[in-house]
Amino acid sequence: MSFTAVDHGMMARALQLAELGLWTTSPNPRVGCVLVRDGRIVGEGWHVKAGEPHAEVHALRAAGDLARGATAYVTLEPCSHHGRTPPCAEALIAAGVSRVVAAMTDPNPLVSGKGMALLQAAGIETAHGLLENEARELNIGFVSRMTRGRPWLRLKAAASLDGKTALNNGVSQWITGPDARRDGQRWRARACAILTGIGTVRDDDPQLNVRDFETARQPLRVVVDSKLETPLTARILQGGPVLIAGAVENAEKIELLRSTGAEVLIFPNAAGKVDLKNLLAELGRRGINEVHAEAGFKLNGSLLREGLVDELLLYLAPCLIGHDASGLFNLPELTSLDQKHQLKIRDLRQVGENIRILARFS
């Protein structure tokens, strides 16, 4: 179906609105809606928070009676099922809109085309696929959870130009500059969970929360700790929800960790380590859309070897640390370049004095 320049402009505006919910809508998708009548915007809105009205409802309230006969531009197919809020498709029908354009159909099996079918049955003209790629990118974690049963995993790392993340004595603060660290906080804030390993907890004692950036919620902190060795005094156990993923049924250690307020789950694999695939599947079942991993080279390597890294967020600092320092990934030696992990760079920019690379595995 062909779309007009007005259609493109209005959907672009709807995507701008959807992005306003970048840090708040989890586990729901980020959605924006624009109502247009006689070439003029008469109402607009976006989904702010799970449990609160969806984007279409906010736009309809803003438009009032002017919604009748209007075109609704929505970044995601209007829902057709009763959840914590009534179906948006029914609200659009009741308001008397004449046309609905969705950027993409909903990957949620509860909706997936049913919303558009409901609108069509009511005599409303429908179309979808306008700026679909942009809409999918905005909700890449939600799409991942609905289609793969696990969150989108973005692995963040900071390294020198020679690819080193820490000295052999464990010192890694600070390789990158303050601008890069602030930028990293924004990526943390959009994630539903932050994943790290016991090595990072022992070496750096990080909080791994969102700082220097106003946010309505703190992501869940998840520690991969096979032997349940997280110190009870670790800073990560303070200031927000924490999940310890272990691989041993040690009742005493489990009870001590739970006494700090942490949740402890056991996911052993055949090697006695944490089963990372099962851990991510559990996070998906809990409504986690995006996981932001900040770990050491061991866990980084394990995530990569198991094919669980979807995206690499790498900050490179203009310095050299030396051959013997720690690298990015604990990976086996290759015997052929055909075995290399190929990436496609999606974004490349300078952040302060550092270079930021956003790349995906192809």
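Leucine 228 sits in the loop between β8 and β9 (242–246). Helices here (H or I, at least four residues) and strands (E, at least two) are DSSP runs, numbered from the N terminus. Leucine 228 is not a glycine, yet its phi is positive, at about 55°. With a relative accessibility of 4%, leucine 228 counts as buried; buried means under 20% relative accessible area, exposed over 50%, and partly exposed in between (1.4 Å probe, protein chains only).

A few words on the model will help you read the rest. This is a predicted model in which local features need pLDDT of at least 70 and side-chain atom pairs count only at pLDDT 80 or more, while totals for chains, interfaces and linings use all residues. Residues are numbered from 1 along each chain as its sequence is written, and side-chain values use heavy atoms, with hydrogens and water left out. The predictor's confidence in each residue, pLDDT, runs from 0 to 100. Averaged over the chain, pLDDT is 91, and 96% of the residues score at least 70. Among the elements of the chain, strand β3 (residues 71–74) has the highest mean pLDDT (98), and helix α8 (residues 198–204) the lowest (90).

**Backbone oddities**

Most residues other than glycine have a negative phi, and most peptide bonds are trans. Against that background, aspartate 205 is worth a look: its phi is positive, about 50°, although aspartate 205 is not a glycine. You will find aspartate 205 in the loop between α8 and β8 (220–224). Its relative accessible area is 28%, so aspartate 205 is partly exposed. Another site to look at is the bond between serine 26 and proline 27, which is a cis peptide bond with omega of about 5°. Proline 27 belongs to the loop between α1 and β1 (32–37).

**Helix packing**

Two packed helices are described by the angle between their axes and the distance between the axes. The axes are lines fitted to C-alpha atoms, for helices over the stretch in contact, and the angles run from 0 to 180 degrees between N-to-C directions.

Start with helix α2 (residues 55–63) and α3, which pack with their axes 9 Å apart at an angle of about 20°. The two helices α2 and α3 are therefore roughly parallel to each other; angles under 35 degrees count as roughly parallel, over 145 as roughly antiparallel, 65 to 115 as roughly perpendicular, and the rest as oblique. The crossing of α2 and α3 is left-handed, a label used if the near helix is turned anticlockwise from the far one by less than a right angle, with right-handed used if clockwise. Which residues meet across this pair? From α2 come Glu56, Val57 and Leu60, and from α3 come Cys88, Ala91, Leu92 and Ala95; contact means heavy atoms within 4.5 Å. By class, the contact of α2 with α3 has six nonpolar residues, no polar ones and one charged. In this scheme Ala, Val, Leu, Ile, Met, Phe, Trp, Tyr, Cys and Pro count as nonpolar, Asp, Glu, Lys and Arg as charged, and the others, Gly among them, as polar.

Now turn to α3 and its packing with α4. The axes of helix α3 (residues 88–95) and helix α4 (residues 114–121) come within 9 Å and cross at roughly 20°. The pair α3 and α4 is therefore roughly parallel, and the crossing is right-handed. Ala89, Glu90, Leu92 and Ile93 of α3 make the contact with Gly115, Leu118 and Leu119 of α4. By class, that contact of α3 with α4 has five nonpolar, one polar and one charged residues.

**Buried residues and their distant partners**

The table pairs three residues with partners further along or back in the sequence.

| Residue | Partner | Sequence separation | C-alpha to C-alpha distance |
|---|---|---|---|
| Alanine 14 | Valine 31 | 17 residues | 7.8 Å |
| Valine 201 | Alanine 234 | 33 residues | 7.2 Å |
| Alanine 295 | Leucine 195 | 100 residues | 7.2 Å |

Alanine 14 is part of helix α1 (residues 5–19) and, at 0% relative accessibility, counts as buried. Leaving aside neighbours within four places in sequence, alanine 14 is in contact with Gly32, Cys33, Val34, Tyr73 and Thr75.

Valine 201 lies in helix α8. Its relative accessibility is 3%, so valine 201 counts as buried. Beyond neighbours within four places in sequence, the contacts of valine 201 include Pro206, Val223, Ala234 and Ile236.

Alanine 295 is located in the loop between β11 (290–293) and α11 (297–305). With a relative accessible area of 19%, alanine 295 is buried. Again leaving aside neighbours within four places in sequence, alanine 295 contacts Leu195, Thr196, Gly197, Thr200 and Asn300.
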